[in-house]
Amino acid sequence: MLCLKVPTDAAWAAGALRDVDAVLVDHAHCEMKAASNALSMATRHLADVELVRAMTDLAREEIDHFQQVLALLVARGVPLGPPPVDEYAAELRRRTSGTHRGQGDAAAVVDRLLVAALIEARSCERFKLLAEAAAPLPEHAALHAFWTELLAAEARHYRTFVDLAERAAGGDRVAVLARLDVLAGVEGALVRELARRGEGASRATIHG
Ligand SMILES: [Fe+2]
Ligand SMILES: [Fe+2]
């Protein structure tokens with residue numbers, strides 16, 4: 001799937017489907033965080049019109065996704081509640097920040113965009129797994145359609161971030177893809193670690 005180095009373990013989707021309400025709650029928070037991150041990127045680079053347009057378009061789309069998940073939660077009578085600690089995103093940012101040290105501000109921007117691309121890629125992979133797991137289950141027909149639609153959007157967001165990273169790197173696509181490969185290695189190791197840690201526990205979260 002896209003640039004990912006470590007596929008999600010086979011047990012994840014079936015486990016997540018056992019607690020659809022929890023998956024949807026986590027999913028709603030992920031969409032809100034994706035919108036916040038896009039707005040934060042735009043705010044940091046207000047002079048860059050192309051980036052600001054791309055990030056505000058993306059934020060609008062993530063908010064739309066959030067509202068769709070919220071509607072599902074309301075229909076199911078499930079309260080959203082405060083956001084849980086997103087160990088995946090927090091740890092990914094921690095492990096990748098500073099690894100570009102000494103290469104200037106542009107490298108930091110490229111890394112931030114590529115980490116966002118990886119998070120989109122992982123979401124895309126997870127929605128595909130959820131859609132596949134839900135496909136044979138008539139009670140989950142609506143969710144199957146929803147997740148199928150979303151995985152296409154997340155794949156598009158992944159490409160947006162990689163394209164912006166290429167632009168931030170002065171058009172050097174080869175260098176950007178090489179850097180993406182390095183960061184994908186860090187992300188893959190983290191995903192493997194979280195899966196190992198979560199064995200036997202409920203993993204009804206999008207990135208857990
Ligand atoms: Fe989204
Ligand atoms: Fe997204």
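Buried means under 20% relative accessible area. That cut-off applies to the views below of a predicted model.

**Figure 1. The whole chain is built from helices.**
The predicted model has 7 helices and 0 strands. Along the sequence the pattern reads α-α-α-α-α-α-α. The C-alpha trace spans about 50 × 35 × 30 Å along its principal axes. The radius of gyration is 17 Å, which agrees with the value near 17 Å for a compact globule of 208 residues. Buried residues account for 48% of the 208. Of the contacts with a separation of 6 or more, 82% join residues 24 or more positions apart. The accessible surface is about 10,000 Å², and carbon and sulfur atoms hold 58% of that area.

**Figure 2. Close-up of the iron ion (ligand 2) and its protein donors.**
Glu62 (OE), Glu120 (OE), Glu120 (OE), Glu154 (OE) and His157 (ND1) are the protein donors. They lie 2.0 to 2.6 Å from the ion. Their spacing along the chain is E-x57-E-x33-E-x2-H. Glu62 sits in helix H3 (residues 49–76) and Glu120 in helix H5 (residues 105–134). This pair, 58 residues apart, links distant parts of the chain. Both Glu62 and Glu120 are buried.

**Figure 3. Close-up of the two iron ions, with Glu62 coordinating both.**
The iron ion (ligand 2) is 3.5 Å from the iron ion (ligand 1). Glu62 coordinates each of them.

**Figure 4. Helix H6 and the glycine that follows.**
Helix H6 covers residues 141–168, 28 residues in total. From first C-alpha to last it reaches 41 Å. That is close to the 40 Å expected at 1.5 Å a residue. Just after H6, Gly170 takes a positive phi of about 70°.

**Figure 5. Close-up of Lys5 and its contacts far along the sequence.**
Lys5 lies in the segment before helix H1 (11–17). Beyond residues up to four places away in sequence, Lys5 touches Asp181, Ala184 and Gly185. The side chains of Lys5 and Asp181 make a polar contact at 2.8 Å. Lys5 and Val182 are 177 residues apart along the chain, yet their C-alpha atoms are separated by 9.9 Å. Is Lys5 buried, exposed or partly exposed? With a relative accessible area of 42%, Lys5 is partly exposed.

**Figure 6. Close-up of Arg60 in helix H3.**
Arg60 is exposed because its relative accessible area is 60%, and exposed means over 50%. Trp12 is 48 residues from Arg60 along the chain. The C-alpha atoms of Arg60 and Trp12 are separated by 29 Å.

Key
Residues numbered from 1 in each chain as written. Chains lettered and ligands numbered in written order. Predicted model: local features only at pLDDT ≥ 70, side-chain atom pairs only at ≥ 80, totals over all residues. Heavy atoms only, no water. Helix = DSSP H or I, 4+ residues; strand = E, 2+ residues; numbered from the N terminus. Buried < 20%, exposed > 50% of the residue type's maximum accessible area, 1.4 Å probe, protein only. Contact = heavy atoms within 4.5 Å. Polar contact = N/O pair within 3.5 Å; in protein donor to acceptor, adjacent residues only side chain to side chain. Expected span 1.5 Å × (residues − 1). Donors = N, O, S within 2.8 Å, 3.2 Å for Na, K, Ca; no water. Rg over C-alpha atoms; globule rule 2.2 N^0.38 Å. Areas by Shrake-Rupley, 256 points an atom, 1.4 Å probe, with all protein chains shown as cover.
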